[in-house]
Amino acid sequence: MTPLFALLFDSLDERLKLRHPSRKVANKVFPHNWSFLLGEVALFSLVVLVATGVFLTMFYRPSTAPVVYHGSLELYDGTTLPGAFESILRLSHDVPGGLLFRRIHRAASHLFIAASVLHMLRILFTGAFRRPREVNYLLGLGLITLAFVAGFTGYSLPYDSLAGTGIRIAYSELLSFPVVGDRVAFWVFGGDFPTGDVIPRFFVFHVMIVPALIIGAVSVHLLLVGRQRHTQFPTHGVDGHAFIVGKPLWPAQFAESATLILWIGGLLTASAVFVPWSDISLLGPYVPGEVGNNAQPDWFMFWIDGALRIFPPLEFSVLGLMTVSGPFVAGIVLPGMVFTGLALYPFLERKVYGLRGEWHVLTNPLDIPLRAAVSLGTFSFVLLLSAAATSDILSRLSGISIEDVIWIFRVACLLGPPVLAAGIYRYSTKRLRSRGLVVATDEQQATSQAGGHGAVPAAVTPPARDPSPVSGGE
Amino acid sequence: MSADGDPKAELRVIARTDPPRSKLNDSIVVLSAGAAALLGVVFAVSLLAGGPMVLYGGALAGGLLLLAVAVRRYFTDRFPDIEAVEPREIPSPDDTDKPLSDVAPLGPRRSLLKRALIAAGGVFGLSLLAPVTSLGPAPGRTFTTTAWARGVRLVTTDGDPVRPGDVAAGGIATIWPEGAIGQERSSVLLLRLSVEPVPPTVLEWVIADFLVAYSKVCTHAGCPVALYRQQDNALFCPCHQSTFNAVAGAVPTFGPAARPLPQLPLGLDEEGYLVALSDFVEPVGPALPRA
Ligand code: FES
């Protein structure tokens, strides 16, 4: 410690009693594996998003009222544009650094969502969601939902031609709620689209409500990790159920996180210099009644767009009281089912296999056939739906008629995931049997079974009071 | 309390590797940190001087990446690599069946009071949701009517009224009710078909044998039905590829839309301009939540 820092710390410590807690935190042990970084990547993208977002908020004007743009972008100089669109043109072309920060913000949003989804898949595949971590898993699913909302509202704010189409479809989705849809749509949009308050509303969602919820939920998410500690992969000669093996927060984990956030900042900035992330001057402003030929949402909404595309025409009235329509089933019920399924899975797995006790050591998904089947089935379903969102492009590229492409996707989405799930279920069941194993019902059993394939010898259980957790295997 | 008294605060090292002393590494740290600082200055100066984005953006990116290198090298070269172990927290058993607080309410019949408080809180909380309904006006007839009415002229996006001769054969135009340009729900496609329309097109609403108008709002999820494929007289929605047969009442022939695009009753006024005879007979756009 430098003398100045030591002096500062000592005087604070006298008042706040910091030495003991900071020592405890600095000595916390973090298990090491590259996949544990995914959550950190998401966290640091969020930091970049907040930092750049604050800058953008200074310039953005949440309004659809027409204004005349006067600025250095000749293409639009002197034209009348929606206020929101005009303010982003000005930010991008007339504010020094504006374009850079806007592009970094956009790139960071992609990274944030992608890293969050991959992090969630890691948790799902390896079983990090098992007791006692179910609450944090559910919180994580909520965070991904919030990330989607943040992404969608951010995509909408420029009020360019793609944004307008996206908002229009979102409006129809709200409208599709049986019985209450028109009210709900009006509550969210403040009136009819496009004359309502949609842009001011989305602005409030995007810069206040959703970020506040995300930051709050992320804080609880991290507090829970701190309290419950990390899971870890099976480690040679260590009883991972009772002990964490890894590197201390200071200096190793700190060094890694500091390096990571600098890397992320650097790479996002570099990408912003070279990639024109969502160049709205090419898209043009939203004009009511018009739509571009390539009406496509952001990639993370592809699966919902794909579901809307391939879902067969459906509209029926229930008892003359309410209408159930295709957009409701494909755009609301189906995604709702996927998320509900993911949320319920930890409890299902525990019930089906009669699991007992707490679990801290990660498992290969192939050791738990149900998990392998459910995660592969869900993942392939979402992936196929996402691919269906490119049906028009695929049809154009391949020369297959759009009708045939849609039919191919209908069949693939219906049959593909169940077949894959059944296949991997059978494969992993056989794999277990061929090794003479069963699905372990508690962690001790799992650890001793793992010794069966050589990588991890049987756990060493240390004496209760004076633990010497490491076997003399080295 | 002494920090050393708490065994959980102690680091239990199981393996330790000290990096070799290396002058080279020290110079890498100094050089990369110095270069990062320099690039930081380049970023600031070129931004202030109105330099190109490639310059200040590149400097910022480069500075951050070099800083990452400096930090990484500093820590790997100057600290021992430590592998440590820590017991997972085991809940101390003596606390488990104690109440959450040592202060309990007095006297009998407390469950009734408790229930009353909880119920009152719940009812009150639900009542506080009422302002949600203020967030938007009541939809009223918004979704069942449009700006079209008897005698309302068809105008282009520029506001010009339209005569039957203005649309060429195989032509298509986006049309609004006069006075409601840009009101999306009222947008209309005016088509001059190349073959004579057949039912379910309402033939009385067809002008000059070939001129027909349909709502432009897709009955699937409300996108503008923007494309017209002349060879098979199909109207095509670019959002989810719903296809409608423009010759036969704009009934959906493929894709997710379940209802035809409503047809606008067309007529002519005394000056020979196209007008609506009434509002749409069926609701336009996506399905409504109540039948
Ligand atoms: S909105 Fe037209 S097909 Fe979905």
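Are Arg153(B) and Asp269(B) buried or exposed? Here are my notes on the salt bridges in this predicted model.

1. To take that question straight away: Arg153(B) and Asp269(B) are both buried. Their side chains meet in a salt bridge, at 2.9 Å from N to O. This pair links distant parts of the chain, 116 residues apart. Arg153(B) sits in the loop between α3 (110-127) and β3 (154-155) of chain B, while Asp269(B) is in the loop between β11 (266-268) and β12 (274-276) of chain B.

2. Next, have a look at Asp192(A) and Arg185(B), whose side chains form a salt bridge with an N to O distance of 2.4 Å. This one crosses between chains. On the chain A side, Asp192(A) is in the loop between α8 (181-189) and α9 (198-228); on the chain B side, Arg185(B) is in the loop between β4 (172-177) and β5 (188-192). Both Asp192(A) and Arg185(B) are buried.

3. Back within chain B, Arg78(B) and Asp26(B) make a salt bridge, with their closest N and O atoms 2.6 Å apart. Arg78(B) belongs to helix α2 (residues 53-78) and Asp26(B) to helix α1 (residues 23-48), so the pair ties together parts that are 52 residues apart in sequence. As for exposure, Arg78(B) is partly exposed at a relative accessible area of 40%, and Asp26(B) is partly exposed as well, at 29%.

4. In chain A, don't skip Asp10(A), Asp13(A) and Arg19(A), which are linked in a network of salt bridges.

5. For the overall tally, a search of the whole structure turns up 24 salt bridges over all chains.

Technical notes:
Residues are numbered from 1 along each chain as its sequence is written. Chains are lettered from A and ligands numbered from 1 in the order in which they are written. This is a predicted model: local features need pLDDT of at least 70, side-chain atom pairs count only at pLDDT 80 or more; totals for chains, interfaces and linings use all residues. Side-chain values use heavy atoms; hydrogens and water are left out. A salt bridge is a side-chain nitrogen of Lys or Arg within 4 Å of a carboxyl oxygen of Asp or Glu. Helices (H or I, at least four residues) and strands (E, at least two) are DSSP runs, numbered from the N terminus. Buried means under 20% relative accessible area, exposed over 50%, partly exposed in between (1.4 Å probe, protein chains only).
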